[in-house]
Amino acid sequence: SWLHKDFVQISHVFKKQVKNYRDAIPDNLLTKEMDGVYSFNAFNDVFLQMFNEEIDNFYEVSERENIPVKRPNSMNNYGVIVNEIGLRPMITSFQQTYLWPLSRHLFPIQASQFDNHHSFIVRYRTGEDLGLDMHTDDSDVTFNVCLGEEFTGATLSFCGMFGAANHRQHTHTYHHKVGRAILHLGSRRHGADDIQSGRRSNLIVWNHNYAYRAKGVNSWDRESQYEQEEDIPSLVCLSYTHDRDYEVYKELPEAAKKQKRRPWCPPPG
């Protein structure tokens with residue numbers, strides 16, 4: 001199997017309905033990092049080596065042949081959309097066979113079904129993207145697994161849920177480990193802290209539930225769904241891309257000064 005033995009065991013449990021997953025799965029297999037954020041060992045070393053070689057080969061060929069590579073998303077500059085290089089069927093099979101059975105138990109509303117996905121690689125290293133500003137994902141449930149390689153820094157900081165009173169309050173910092181995945185709702189604010197050395201690559205799957213979105217409960221209505229904040233924001237949770245009051249607390253980084261910013265948070269009034 002290309003899955004880590006821990007994920008194989010987890011998958012066997014979630015093939016059927018489970019009233020309380022904690023009674024069926026030891027904490028060392030499925031770790032609750034905090035409310036709504038879970039981690040587990042996803043892929044084994046053999047798969048990681050093969051997958052990384054495939055992606056590195058794509059990078060090499062695209063650079064040598066000057067093949068245009070679309071950015072993974074609107075914020076990351078380096079990486080590749082794996083759906084566009086022939087890997088969509090593999091990711092879809094992985095999503096439906098393994099990710100969905102687990103997700104529907106942890107997030108029964110947002111993961112009642114998975115209809116589609118946007119899947120991509122992100123890459124951080126000196127001279128490229130060092131980190132990623134605070135944001136929420138265009139995802140109902142986000143799967144994020146570290147592919148390698150050796151690095152220091154590059155932690156993942158979590159804050160509150162979109163529009164909640166603690167939206168910009170720091171709640172947890174996660175330390176990536178190669179082969180280990182983290183699973184969370186896309187509407188939770190989070191950001192990639194700067195890498196200090198080495199290179200970190202991650203495979204990210206944004207899982208989409210069309211029935212859930214059709215109800216309008218995840219419509220990102222910035223005014224009607226935004227509660228009054230409970231306190232001044234945690235510095236680590238500030239976003240120079242999205243926050244209107246960023247400069248009240250911190251100086252804009254050089255990269256942000258060059259951007260055409262359209263901050264909106266918190267909404268006026």
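Author: A quick ground rule first: buried means under 20% relative accessible area, exposed means over 50%, and partly exposed is whatever falls in between (1.4 Å probe, protein chains only). This is a predicted model, so local features need pLDDT of at least 70 and side-chain atom pairs count only at pLDDT 80 or more, while totals for chains, interfaces and linings use all residues. Residues are numbered from 1 along each chain as its sequence is written, and side-chain values use heavy atoms, with hydrogens and water left out.

Reader: Why is Asn-66 called exposed?

Author: Its relative accessibility is 67%, which is why Asn-66 counts as exposed: the cut-off is over 50%. You'll find Asn-66 in the loop between α3 (45-64) and β3 (79-81). Helices and strands here are DSSP runs numbered from the N terminus (H or I, at least four residues, for helices; E, at least two, for strands).

Reader: What makes the backbone of Asn-66 worth a remark?

Author: Asn-66 has a positive phi of about 55 degrees, yet it is not a glycine. Most residues other than glycine have a negative phi. Ala-154 also has a positive phi, near 60 degrees, and is likewise a residue other than glycine.

Reader: And is Ala-154 buried or exposed, and how do you know?

Author: Buried: Ala-154 has 1% relative accessibility, and the limit is under 20%. Ala-154 sits in the loop between β7 and β8 (156-161).

Reader: Which peptide bond involving Glu-149 is unusual, and what makes it so?

Author: The one from Gly-148 to Glu-149, which is cis with omega near 0 degrees. Most peptide bonds are trans. Glu-149 belongs to the loop between β6 (141-148) and β7 (151-153). There is also a cis bond from Cys-265 to Pro-266, with omega near -10 degrees, and Pro-266 is in the segment after α7 (254-257).

Reader: Let's do the rings. Why are Phe-7 and Phe-40 called a tilted pair?

Author: Their centres are 4.8 Å apart and their planes make 40 degrees. Rings of Phe, Tyr and Trp (its six-membered ring) pair if their centres lie within 6.5 Å; planes under 30 degrees apart count as stacked, over 60 as edge-to-face and the rest as tilted. At 40 degrees, Phe-7 and Phe-40 fall into that last group, so "tilted" it is.

Reader: What does the pair of Phe-7 and Phe-40 tie together?

Author: Phe-7 is in helix α1 (residues 5-14) and Phe-40 is in strand β2 (residues 37-41), so the pair links parts that are 33 residues apart in sequence. Both rings belong to buried residues.

Reader: How do you know that Phe-94 and Tyr-98 are a pair too?

Author: Their centres are 6.1 Å apart, and the limit is 6.5 Å. The angle of 40 degrees between the planes makes Phe-94 and Tyr-98 tilted. Both residues lie in helix α4 (residues 88-106), four residues apart, about one turn of the helix. Phe-94 is buried at 2% relative accessible area, whereas Tyr-98 at 24% counts as partly exposed.

Reader: Which residues make up the cluster linked by ring pairs?

Author: Trp-2, Phe-7, Phe-40, Phe-43, Phe-47, Phe-51, Phe-94, Tyr-98 and Phe-143. A search of the whole structure finds 20 aromatic pairs.

Reader: What makes Ile-10 count as buried, and what does it touch?

Author: Ile-10 has a relative accessible area of 0%, so it is buried. Ile-10 is in helix α1. Contact means heavy atoms within 4.5 Å, and leaving aside neighbours within four places in sequence, Ile-10 is in contact with Ile-25, Leu-29, Leu-30, Phe-40 and Leu-102. The C-alpha atoms of Ile-10 and Pro-101 are separated by 9.7 Å, with their positions 91 residues apart along the chain.

Reader: Which residues is Arg-104 in contact with?

Author: Leaving aside neighbours within four places in sequence, Phe-14, Lys-15, Gln-17 and Ala-111. Arg-104 lies in helix α4, and its C-alpha atom is 33 Å from that of Asp-56, a residue 48 places away along the chain.

Reader: Zooming out, how do you know that the radius of gyration agrees with a compact globule?

Author: The rule is 2.2 Å times the number of residues to the power 0.38, and the radius is taken over C-alpha atoms. For 269 residues a compact globule would come out near 18 Å, and the chain has 19 Å, which agrees. The C-alpha atoms fill a box of roughly 50 × 50 × 35 Å along the principal axes.

Reader: How many helices and strands does the chain have, and what share of its residues is buried?

Author: Seven helices and 12 strands, with 53% of the 269 residues buried. Among contacts between residues at least 6 apart in sequence, 75% join residues at least 24 apart.
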